[in-house]
Amino acid sequence: QVQLVESGGGLVQAGGSLRLSCAASGSIFSINAMGWYRQAPGKQRELVAAITSGGSTNYADSVKGRFTISRDNAKNTVYLQMNSLKPEDTAVYYCRERTEVGVGVKDYWGQGTQVTVSS
């Protein structure tokens, strides 16, 4: 049973920083792609950043240069360092682990952590 537990969210002023963590269990973490998504009220969930098993990363245009995704395979944990936060970054942030199942994929999600940026 794959489980993902996010932590690190909270309330921060604009311009501040937060680091989110996502601890995974029940999977072969090191071979799976990981991602951070967010969902603001009334909006669809969107990809924020992703990292492959090999360490390649990609980011949403809105967070490039401000957010950094990283992973520690020894700790089965993926991180999202968020700097220069803006009020529009306010959302629930979710961690996603993507596993390969046969010729397809299966995604697992965490419960989410709230990030609120005040102006």
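A salt bridge here is a side-chain nitrogen of Lys or Arg within 4 Å of a carboxyl oxygen of Asp or Glu. The model is predicted.

**Exercise 1. Find which residues are linked in a network of salt bridges.**

Solution.
Step 1. Start with the total: the structure holds five salt bridges.
Step 2. Take Glu46 and Arg38. Their side chains meet in a salt bridge at 2.7 Å, N to O.
Step 3. Take Arg66 and Asp89. Their side chains form a salt bridge at 2.8 Å, N to O. This pair links distant parts of the chain, 23 residues apart. Arg66 sits in the loop between β6 (57–59) and β7, and Asp89 in the loop between β8 and β9.
Step 4. Join the pairs. Arg38, Glu46, Arg66 and Asp89 are linked in a network of salt bridges.

**Exercise 2. Sort the partners of three salt bridges into buried, partly exposed and exposed.**

Solution.
Step 1. Use the cut-offs: buried is under 20% relative accessible area, exposed is over 50%, and partly exposed is in between.
Step 2. Arg38 has 6% relative accessibility, so Arg38 is buried. Glu46 has 35%, so Glu46 is partly exposed.
Step 3. Arg66, at 10%, is buried. Asp89, at 1%, is buried too.
Step 4. Turn to Asp61 and Lys64, whose side chains meet in a salt bridge at 3.1 Å, N to O. Asp61 is exposed at 65%. Lys64 is partly exposed at 49%.

**Exercise 3. Decide whether Arg96 has a salt bridge, and list what Arg96 contacts.**

Solution.
Step 1. Place the residue: Arg96 lies in strand β9 (residues 91–101).
Step 2. Look for an opposite charge. The nearest such side chain is Asp107, 4.1 Å away.
Step 3. Apply the cut-off. A salt bridge needs the nitrogen within 4 Å of the carboxyl oxygen. Arg96 is buried yet has no salt bridge.
Step 4. Check polar partners. The side chains of Arg96 and Tyr37 are joined by a polar contact of 2.8 Å.
Step 5. List the contacts, leaving aside neighbours within four places in sequence. They are Leu4, Ala33, Met34, Gly35, Tyr37, Asp107, Tyr108 and Trp109.

**Exercise 4. Describe the surroundings of Tyr108.**

Solution.
Step 1. Tyr108 is in strand β10 (residues 104–109).
Step 2. Its relative accessibility is 24%, so Tyr108 counts as partly exposed.
Step 3. Not counting residues up to four places away in sequence, Tyr108 touches Val2, Leu4, Cys95, Arg96, Glu97 and Thr99.
Step 4. Compare sequence with space for Leu47: Tyr108 and Leu47 are 61 residues apart in sequence, and 14 Å apart in space, C-alpha to C-alpha.

**Exercise 5. Locate the disulfide and give its handedness.**

Solution.
Step 1. The structure holds one disulfide. Cys22 and Cys95 form it, with sulfur atoms 2.1 Å apart.
Step 2. The pair links distant parts of the chain, 73 residues apart: Cys22 in strand β3 (residues 18–25), Cys95 in strand β9.
Step 3. The angle about the S-S bond is -80 degrees, and the link is left-handed.
Step 4. Cys22 is buried at 0% relative accessible area. Cys95 is also buried at 0%.

**Exercise 6. Which residues of the largest nonpolar core touch the most other members?**

Solution.
Step 1. The core has 26 residues. Trp36, Val78, Leu80, Met82 and Tyr93 touch the most other members.
Step 2. Strands β3, β4 (33–39), β5 (46–51), β7 (67–72), β8 (77–82), β9 and β11 (113–118) each supply at least two residues.
Step 3. The largest share, four residues, comes from β3.

Terms used
Residues numbered from 1 in each chain as written. Predicted model: local features only at pLDDT ≥ 70, side-chain atom pairs only at ≥ 80, totals over all residues. Heavy atoms only, no water. Buried < 20%, exposed > 50% of the residue type's maximum accessible area, 1.4 Å probe, protein only. Lys, Arg positive; Asp, Glu negative; His and termini not counted. Polar contact = N/O pair within 3.5 Å; in protein donor to acceptor, adjacent residues only side chain to side chain. Contact = heavy atoms within 4.5 Å. Disulfide = S-S within 2.5 Å. Core = buried A, V, L, I, M, F, W, Y, C linked by side-chain atoms within 4.5 Å.
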